[in-house]
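Colleague: I would like a close look at a single part of this model. Please take the ligand site, and then say how it relates to the division of the protein.

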Amino acid sequence: MQKIKEYVKANQQRFLDELFALLRFPSVSADPQYAADVRDTAEYVAQKLRDAGADNVEVCATAGHPIVYGEKIIDPNKPTVLVYGHYDVQPPDPLELWETPPFEPTVRDGKIFARGACDDKGQFYMHVKAFELMQATGTLACNVKFMIEGEEEVGSDNLGVFVKANKARLAADVVLISDTAMISLETPSLETGLRGLSYLEVEVTGPNRDLHSGVYGGAVANPITILAKLIASLHDENNRITIPGFYDDVAELSDAERNALNEAPFDEDEYKQDLGIKALWGEKGYSTIERTGIRPTLEVNGIWGGYIGKGAKTVLPSKAYAKISMRLVPNQDSATITALFTKHFERIAPDYVSMKVTPHHGGQPAVTPTDSPAYRAAEKAIEEAFGKKPIPTRGGGSIPIVSLFEDELGLKTVLMGFGLDSDNLHSPNEKYDIANYFKGIETIPLFHKYFAELS
Ligand code: BES
Ligand code: MN
Ligand code: MN
C-alpha cells in the first residue's frame, strides 16, 4: 500500500493532466457530427494503453464507433481480469446550464467538472493508471485485458457482435467495471446489481393534418390530450405500473434481504433538499432505496407535439410523441416487457387516434455474486484503501453488457465504482472528485493482488 501511495503521489499531476486531455475530446456517441472526435478519443486511449505497457493494443473497427483493446499476459496460469469501460459520453446539452464548458475540464472545490468526468472517462482511466503503476513497480499480479468501448451511451449494439466474434481473445476469470457509484468516500459501497432497460417511442396520430383549433377543436380528439391521458394511466393510485403482466417475473426479495439493503445510510431530508423537492414519490410499500434498486419503474423521458415555438399558434396538432423507458429488475426480460407495453398501449388507445410503438434499445438486468473470490477481492481492496468494509447496494442504472458478458463469456462482473450519485451523470455540470479518482487508482492494484491470492 505504501508503494502504491508513493507512486500515485509522485505522478499526481501527470495523472490529472492525462485525464484532462481525455476529457477535452467531445466523444458524444449519439450525435454523428462527433464521429471523428469519437475516433480520435479511441486513438488517444489506445496510445495511453501502449504508454502504460499494454501489448497487442488495437483500435477495433465496428459497424459503429471503435472498441479499444489491449492486454498484458504475464503468465497463462495466473487469473485474468477483463477491464471494461466506455470512452463515449452523453450529449452535453443543455449547454447554457453548464457553469464551465463541458469539454474544458475545470477544477472547482476539488472536483473535476466536465462531460464524462465520472461517466466513464474518469473511472475507466483509473484502471489505465493503476495498470501503469503495477507495470512500473513490477507488482502486476494478474493478467489484464482492456476493452474500452465507444457506444455504451447508445446501447452497445456493436459490442455484442465484437464479444461474440472474440470469445478466445476475451477469455478471462472476471470482468471488472468502474462505471457505477459508491455512497461516499467515508461510506464505501459496492453495487451488486444493475437494472435492465426497455426503451421505446410512441407516436399518436389524430387527424391527417394539423387543424385550426377554432374550426375543428371540440369535434376532433387532440392527440396530445389523448397521449397525456394514456401516459397518466400507466401508474395507479399506489404508483404501481398498470401494464398487465408487468410485475409477473419480478423477483421479490426476502425480508432479510430487504432489511439489509435498507441498512445503507440514507438521509431523506438531504436527498429532498439536494433535488429541490418537498416530498418523495414512488411505489407504495417500498423505501426510496428499494424503489431505485430492486423495483422496476416507468419514466417518460420526453414528450412533444404541436406548436412549441415562440409566441402562440392556435393549432390542433395531427401528432403527439413520447419517449418512454422502463427500468427492469431480475427476472424481467427486456423483450417481454417491450412486448407487454406495446400490446397494452395499442389496446388502450381510443378509436380517435392511431398508435405506433417503436422499440429502441434495451438491456437485461443483472445481479453480481457477493460470495465469489472476485467480490471478496474487491471487498478486501476497498477495506484496505478506505479503512472500512464496503456495503453491498443495488444500483438503479443500467449497463446492458453485464448480462451479455455472462451469457457469451460465462463471466461474472464486479462493479467497483468510485462515482457518487451526486456527480450529475447525464446532466449539466457533471463532475468527479479528484479524491475519488486517486482513491480508485490506489484501490485497483489491491483488487488485482487479492484476486490473484483468492482465486
Ligand atoms: N454508467 C452508467 C450506468 C450507471 C450509472 C449505473 C450510475 C449505476 C449507477 C451508464 O453509462 C449509463 O448511463 N447507462 C444507461 C443505459 C444505456 C443503455 C444508455 C442508463 O443507465 O441509462
Ligand atoms: Mn457509464
Ligand atoms: Mn451513462
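**The site of ligand 1**

Modeller: A polar backbone atom of Ser398 lies 2.8 Å from a nitrogen atom of ligand 1. The model is predicted, and these distances are computed from it. On the side-chain side, an N or O atom of Arg327 is 2.7 Å from an oxygen atom of ligand 1. Glu153 also places a polar side-chain atom 3.2 Å from an oxygen atom of ligand 1. Taken on its own, ligand 1 has 520 Å² of accessible area, and the protein covers 90% of it.

The shell around ligand 1 holds 16 residues, the closest being Glu152, Asp179, Arg327, Ser398 and His426. Sorted by class, that shell has six charged, six polar and four nonpolar residues.

The position of the site follows from the domain division. Domain 1 takes in 2-194 and 366-454, while domain 2 takes in 196-250 and 296-363. Ligand 1 lies between domain 1 and domain 2, because both give residues to the shell around it. Of the residues already named, Arg327 falls within the 296-363 part of domain 2, and Ser398 falls within the 366-454 part of domain 1.

The two domains also touch directly. Their C-alpha centres lie 36 Å apart, and the contact draws nine residues from domain 1 and seven residues from domain 2. Between them, domain 1 and domain 2 bury about 520 Å², with 55% of that area on carbon and sulfur atoms. The side of domain 1 that touches domain 2 consists of four nonpolar, four polar and one charged residues. As for specific pairs, the rule finds zero salt bridges across this interface. For polar contacts, the rule finds one residue pair across the interface of domain 1 and domain 2, both residues at pLDDT 80 or more.

Technical notes. Residues are numbered from 1 along each chain as its sequence is written. Chains are lettered from A and ligands numbered from 1 in the order in which they are written. This is a predicted model: local features need pLDDT of at least 70, side-chain atom pairs count only at pLDDT 80 or more; totals for chains, interfaces and linings use all residues. Side-chain values use heavy atoms; hydrogens and water are left out. Domain bounds come from an automatic or database domain assignment. Contact means heavy atoms within 4.5 Å. Buried area is the accessible area (1.4 Å probe) that two parts lose on being put together, summed over both. A salt bridge is a side-chain nitrogen of Lys or Arg within 4 Å of a carboxyl oxygen of Asp or Glu. A polar contact is a pair of N or O atoms within 3.5 Å; within protein, one must be able to donate a hydrogen and the other to accept it, and residues adjacent in sequence count only if both atoms are side-chain atoms. Ala, Val, Leu, Ile, Met, Phe, Trp, Tyr, Cys and Pro count as nonpolar, Asp, Glu, Lys and Arg as charged, and the others, Gly among them, as polar. A residue is near a molecule or strand if one of its heavy atoms lies within 4 Å of it. Accessible areas come from the Shrake-Rupley method with a 1.4 Å probe; for residues, only the protein chains shown count as cover.
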